[in-house]
Amino acid sequence: MAGEKQSAEHVSGAGMDRVIRKKNKLKKYIIIVFLGSIVSVFLWHNIQMDGDGRILRVEKSRVVISKVTEGIFEDFIPVRTRVVPLRTVFLDAVEGGRVEHILVEDGVLVGKGELLVELSNTSLQLEATRNEALVTEQLNNLRTIELQLEQNRLSHKRSLADFEYQIKRLNRQAERRRELIVKGTISQRELDETEDELAYNIQLRDLTLESQATDARMQEQQLVYLKDRVAQLEKNLAFAKQNLDALIVKAPVAGKLSGFNIEVGQSIIRGGRLGQIDDPVQYKLTADIDEFYLGRVDIGQTVTFDRGNQIYQLQVSKIYPQVNNGQFEVDMVFSGRQPEGIRRGQTIQTKLTLGDETKAALVPNGAFIHDTGGSWVFVVDQSGTQANRRSVRLGRRNSRFIEVLDGLEVGEKIVTSPYSSYMDMDRLSLD
């Protein structure tokens, strides 16, 4: 019998099959319906509708209720600042090259004109040498032309002297022969030859004078051009030498050298940053301020901070118009003496005054202002069990208070905690 049973299982293949259970979809459906019912009951319990709109039940202990008070509004904002040098001069390579010698270390105090690093640039040196040779050749050519012009001027002058001498001599000879021809001692032909030669020399003198005037005018124009050309070539030569001198980097001002992280053999591109020289004594403060205040921060506004029981005062000196990540940057300089012991990179908490102190209705600054933008609030009624949505107009704010312009009376209470969970509600039921 056992052999027959084994044979039967082998034939049917029942021992190799696996029973696949069907998923219980009905159970999953029941769970979903159950959870949905719970959520619906919760929402129905907390959100109700009446004739005045949507109402949300909120535990009173979960919200912050603040009172509208009357007081002095101090128009300032807290600003976290950083200490930076008052003046910074960047060291950029005028000409690129290979670092040959480093003469100072990063972080040291350097004097104006002190050697910092020597660069080498073979191409620039060869180019400067070629330019110098070309300029020298051009200068020699110009000097040769000037010499030729001067020789021409002297030649004309010598010719005129000869013609004047011949004209004077022939005039005398012609006068003597006119007297002799009256006495009949010479022939008319001899007198005619003298007068013809005189007229010829006069004509040559006039042509020489005309040529001399033309040459003088042309010579003057050419000399002006040549002088301008020489000046331009000498200027180019000076630039070429200046570029070579720029390979030897010197400190443009006295101060503390920083960011000077270069190594011998390193290649520096033209305009590459070598480091910077900071004012080691005088500092200023810089800060990033929320773009909300961009229209209210101005040059000359007062900044104060307390350090060691002394109040130090600064003024806004520069406002950078670029806005990055919702913030803009300002610089502040000390109005009087600066505190001792401050260091570059140190942070200081300051107070930036935006306007004069004024008497106003105030509400404590809270997270609700970010949700409503100051256009509406939840106002708690006299019973303290309901908070109704009301349009208001809020103005300036500092770290503690917000100025009430319209819509709230002194003594009323509002919800100042975040409104993110009930932005669409018209009323809060406070249990």
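A charge is taken to sit over a ring if NZ of Lys or CZ of Arg is within 6 Å of the ring centre and within 35 degrees of the ring normal. Lysine 351 meets this criterion over the face of phenylalanine 76, at 4.9 Å from the ring centre, and arginine 397 does so over phenylalanine 292, at 4.3 Å.

The model is predicted: local features need pLDDT of at least 70 and side-chain atom pairs count only at pLDDT 80 or more, whereas totals for chains, interfaces and linings use all residues. Residues are numbered from 1 along each chain as its sequence is written, and side-chain values use heavy atoms, with hydrogens and water left out.

**Overall form**

The protein chain has 5 helices and 25 strands, defined as DSSP runs numbered from the N terminus (helices H or I, at least four residues; strands E, at least two). The radius of gyration, taken over C-alpha atoms, is compared with a globule rule of 2.2 Å times the number of residues to the power 0.38. The protein chain has a value of 50 Å, well over the 22 Å that the rule gives for 431 residues, so it is more spread out than a compact globule. Along the principal axes, its C-alpha atoms fill a box of roughly 175 × 100 × 55 Å. Contact means heavy atoms within 4.5 Å; among contacts between residues at least 6 apart in sequence, 75% join residues at least 24 apart. Buried residues make up 31% of the 431 residues, where buried means under 20% relative accessible area, exposed over 50%, and partly exposed in between (1.4 Å probe, protein chains only).

**Nonpolar cores and aromatic residues**

A nonpolar core is a set of buried Ala, Val, Leu, Ile, Met, Phe, Trp, Tyr and Cys residues joined through side-chain atoms within 4.5 Å. The largest has 26 residues, and Phe368, Phe378, Leu408, Tyr422 and Leu428 have the most contacts inside it. Elements that each supply at least two of its residues include strand 2 (53-58), strand 19 and helix 5 (368-372). Strand 20 gives the most, with 5 residues. A second, separate core of 22 residues includes Val83, Tyr283, Ile342 and Ile348.

Rings of Phe, Tyr and Trp (its six-membered ring) pair if their centres lie within 6.5 Å; planes under 30 degrees apart count as stacked, over 60 as edge-to-face and the rest as tilted. The whole structure holds 9 aromatic pairs. One of them, between tyrosine 419 and tyrosine 422, is tilted, at 5.9 Å centre to centre and 40 degrees between the planes. Both tyrosine 419 and tyrosine 422 are buried, and they belong to one aromatic cluster with Phe368, Trp376 and Phe378.

**Threonine 358**

Threonine 358 lies in strand 19 (residues 358-364) and is partly exposed, with a relative accessible area of 28%. Beyond four places in sequence, its contacts are Gly71, Ile72, Phe73, Arg396 and Glu403. Its side chain makes a polar contact of 2.7 Å with that of arginine 396. Such a contact is a pair of N or O atoms within 3.5 Å; within protein, one must be able to donate a hydrogen and the other to accept it, and residues adjacent in sequence count only if both atoms are side-chain atoms.

**Positive phi values**

Most residues other than glycine have a negative phi. Two asparagines with positive values are tabulated below.

| Residue | Phi | Loop | Relative accessibility |
|---|---|---|---|
| Asparagine 309 | near 65 degrees | between strand 15 (302-307) and strand 16 (310-324) | 78%, exposed |
| Asparagine 325 | near 55 degrees | between strand 16 and strand 17 (327-334) | 81%, exposed |
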